[in-house]
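Good morning, colleagues. I should like to take you through one structure, beginning with the ligand site and then turning to a single residue. Please have the display in view.

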Amino acid sequence: MPSPHPDPYREIDAQPDPLRFIEALEVRGRTAAQVRLRRRFLAFIPVRAGAHVLEVGCGTGVIVRDLATRVGGRGRVIGVDRSRALVKGARHLARSHPGRRRIAFRVADGARLPFRAHRFDVALAVTVLLHVADPLAVVKEMARVTRPGGRVAVQDQDFGTVVCAHPDRALTARILDGVVDRIYEEPFSGRRLPGLLRAAGLGQVRLLADVFQDTQLTSYTENFLARRAENAVRFGIVDEGTAQRWLDGFATMLERGAFVVTVNYYGAVGVRPS
Ligand SMILES: C[S@@+](CC[C@H](N)C(=O)[O-])C[C@H]1O[C@@H](n2cnc3c(N)ncnc32)[C@H](O)[C@@H]1O
């Protein structure tokens with residue numbers, strides 16, 4: 001059997017514990033700085049009342065639920081994801097949402113969308129392209145199912161822009177750079193988005209540079225740093241003791257009131273030509 005890809009988001013259903021990812025995505029979705037990033041991105045596209053919207057790689061439906069509120073009673077939102085476990089979780093989580101009647105979910109791969117051409121006013125993908133083998137194929141599919149004059153929008157973190165206040169800068173760089181180089185084909189994903197949209201034939205491409213910031217060590221950031229430490233050990237970058245020392249360094253910064261982690265997020269939007 002071939003060894004699994006080191007990025008679990010490539011194939012959530014093949015992970016030993018897919019439910020962990022439901023929790024992780026929902027925790028991220030509730031984190032205040034992430035709520036603000038989403039709000040600014042949806043306003044930047046923009047997604048308007050009455051729009052028919054597709055979200056590719058919807059995960060547990062955090063953004064689908066936001067979109068359902070934004071598009072109002074005449075709008076429709078479909079979320080697709082290649083993970084059956086996440087789509088099942090998304091359906092469950094949407095059941096109590098006031099806009100549930102305008103929400104639908106399907107299991108589908110972003111590179112082969114089960115929709116006719118020109119069906120949506122907006123197609124978007126948030127923190128998905130980082131995880132796919134062929135991001136251009138996904139963006140081209142998103143463009144195909146978007147109507148002429150409609151918008152294709154993508155947002156991604158860029159792991160070349162993670163800034164941490166930590167007592168050991170060299171160790172921080174070794175762990176962060178070493179881990180992302182082994183997990184992602186293109187860890188600097190955010191900055192390539194405008195080029196991808198243009199390569200897919202979209203016009204009037206605009207860029208939104210935004211920043212996630214945490215000065216409190218929220219659960220989301222704590223989980224992010226713990227996964228980086230765990231992977232650094234798994235990939236043989238550091239031993240367990242060093243990984244723990246690195247995590248302890250963040251706790252020290254927090255005690256001193258000096259904890260800072262920021263990550264740049266890049267959003268790009270383009271218009272589907274006639
Ligand atoms: C980091 S999660 C983002 C989920 C959601 N967009 C959010 O921001 O909460 C990435 C998602 O992309 C999905 N995914 C990865 N490759 C995919 C593909 N080729 N087609 C569709 N979904 C994919 C994963 O299953 C996962 O749900």
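Around the ligand there are 21 residues, and those that come nearest are Arg28, Glu55, Gly57, Asp81 and Gly110. Please bear in mind throughout that this is a predicted model. As to the character of that shell, its residues divide into ten nonpolar, six polar and five charged.

Let me now turn to the polar contacts made by nitrogen atoms of the ligand. At Val126, a backbone N or O atom lies 2.9 Å from a nitrogen atom of the ligand. At Asp109, the side chain is involved: one of its polar atoms lies 3.2 Å from a ligand nitrogen. For Arg82, it is a polar backbone atom, at 3.4 Å from a nitrogen atom of the ligand. How much of the ligand does the protein bury? Taken alone, the ligand exposes 600 Å², and the protein buries 96% of that area.

I now leave the ligand and come to Ile175. This residue belongs to helix α6, which comprises residues 169-183. Is Ile175 buried or exposed? Its relative accessibility is 0%, and because buried means under 20%, Ile175 counts as buried.

Which residues does Ile175 contact, leaving aside its neighbours within four places in sequence? They are Arg228, Ala232, Ile237, Val238 and Trp246. Asn231 offers a further point of reference: Ile175 and Asn231 are 56 residues apart in sequence, while their C-alpha atoms are 8.7 Å apart in space.

That concludes my presentation. Thank you for your attention.

Key
Residues are numbered from 1 along each chain as its sequence is written. This is a predicted model: local features need pLDDT of at least 70, side-chain atom pairs count only at pLDDT 80 or more; totals for chains, interfaces and linings use all residues. Side-chain values use heavy atoms; hydrogens and water are left out. A residue is near a molecule or strand if one of its heavy atoms lies within 4 Å of it. A polar contact is a pair of N or O atoms within 3.5 Å; within protein, one must be able to donate a hydrogen and the other to accept it, and residues adjacent in sequence count only if both atoms are side-chain atoms. Accessible areas come from the Shrake-Rupley method with a 1.4 Å probe; for residues, only the protein chains shown count as cover. Ala, Val, Leu, Ile, Met, Phe, Trp, Tyr, Cys and Pro count as nonpolar, Asp, Glu, Lys and Arg as charged, and the others, Gly among them, as polar. Helices (H or I, at least four residues) and strands (E, at least two) are DSSP runs, numbered from the N terminus. Buried means under 20% relative accessible area, exposed over 50%, partly exposed in between (1.4 Å probe, protein chains only). Contact means heavy atoms within 4.5 Å.
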